[in-house]
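Q: I am new to reading protein models. Please take a close look at the charged side chains that pair up here, and at what surrounds them.

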Amino acid sequence: MSNLTEKEFSKHTGTEFQTEVNQKAIALKLTEVKGYLAKENEQGGMERFSIFFNGPGESGLAQGIYHLSHEQMGEIDIFLVPISGDKRGYRYEAVFNYYKE
């Protein structure tokens, strides 16, 4: 498994991650990686960023942890939140906030 950093995910923008729900394969395309700068009142030394995926419209995913696989990043479990969607497709966000090593 690769490091789950803003830099690492940025390398894979535009590629697909695979998951499976109810024995059905679902492709999620990583469309955006957005970093956040620390504000004055926030603790320094943190990695803060969001990643955004687009998925198919016929099978929206509920908020939850999903096991994703990627040919270069390997196997990862990520908490995804649906932030928009309709029959044309859904958009999901995963937020990362942790101390840098």
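A: What follows goes through the salt bridges and then their surroundings.

This is a predicted model. The number of salt bridges comes to 3. Let us take them in turn.

Start with Lys11 and Glu8. These two residues form a salt bridge. Their closest N and O atoms are 3.2 Å apart. Is each partner buried or exposed? Lys11 is exposed, because its relative accessible area is 55% and the cut-off for exposed is over 50%. Glu8 is buried, because its relative accessible area is 15% and the cut-off for buried is under 20%. So an exposed Lys11 is joined to a buried Glu8 in this salt bridge.

Glu8 has another partner to look at. The side chain of Glu8 also makes a polar contact with the side chain of His12, at 3.1 Å. Where does His12 sit? His12 is in the loop between helix 1 (6–10) and strand 1 (16–21). It lies in a loop, yet His12 counts as buried, at 5% relative accessibility. Which residues does His12 touch, once its neighbours within four places in sequence are left aside? They are Leu30, His70, Gln72 and Met73. So Glu8 takes part in a salt bridge with Lys11 and in a polar contact with His12, and both Glu8 and His12 count as buried because they fall under 20%.

Now move to Arg91 and Glu32. Their side chains meet in a salt bridge, with 2.7 Å from N to O. This pair links distant parts of the chain. Arg91 belongs to strand 6 (residues 89–99). Glu32 belongs to strand 2 (residues 24–35). The two residues are 59 residues apart. How open are they? Arg91 is partly exposed, at 22% relative accessibility. Glu32 is partly exposed too, at 29%. Both get this label because their values lie between the cut-offs of 20% and 50%.

The remaining pair is Arg88 and Asp86. They form a salt bridge with the closest N and O atoms 2.6 Å apart. Arg88 counts as exposed, at 74% relative accessibility. Asp86 counts as partly exposed, at 30%.

Asp86 also has a place in the strand pairing. Strand 5 and strand 6 run antiparallel, joined by 5 bridges. Which residue of strand 6 is the bridge partner of Asp86? The partner is Gly89. A hairpin of 2 residues connects strand 5 to strand 6. So Asp86 has a salt bridge to Arg88 and a bridge partner in Gly89. Strand 6 is also where Arg91 lies.

Follow strand 5 to its other neighbour. Strand 4 (residues 64–70) pairs with strand 5 (residues 74–86). The pairing is antiparallel and has 7 bridges. Within it, Tyr66 has Ile78 of strand 5 as its bridge partner. Here too a hairpin makes the connection, and strand 4 reaches strand 5 through 3 residues.

One more loop deserves a look. Asn22 lies between strand 1 and strand 2. Gln23 lies in the loop between strand 1 and strand 2 as well. Strand 2 is the strand that holds Glu32. Phi of Asn22 is near 50°, a positive value in a residue other than glycine. Phi of Gln23 is near 60°, again positive in a residue other than glycine. Asn22 is exposed, at 76% relative accessibility. Gln23 is exposed, at 77%.

Methods:
Residues numbered from 1 in each chain as written. Predicted model: local features only at pLDDT ≥ 70, side-chain atom pairs only at ≥ 80, totals over all residues. Heavy atoms only, no water. Salt bridge = Lys/Arg side-chain N within 4 Å of Asp/Glu carboxyl O. Buried < 20%, exposed > 50% of the residue type's maximum accessible area, 1.4 Å probe, protein only. Helix = DSSP H or I, 4+ residues; strand = E, 2+ residues; numbered from the N terminus. Pairing = 2+ DSSP bridges. Polar contact = N/O pair within 3.5 Å; in protein donor to acceptor, adjacent residues only side chain to side chain. Contact = heavy atoms within 4.5 Å.
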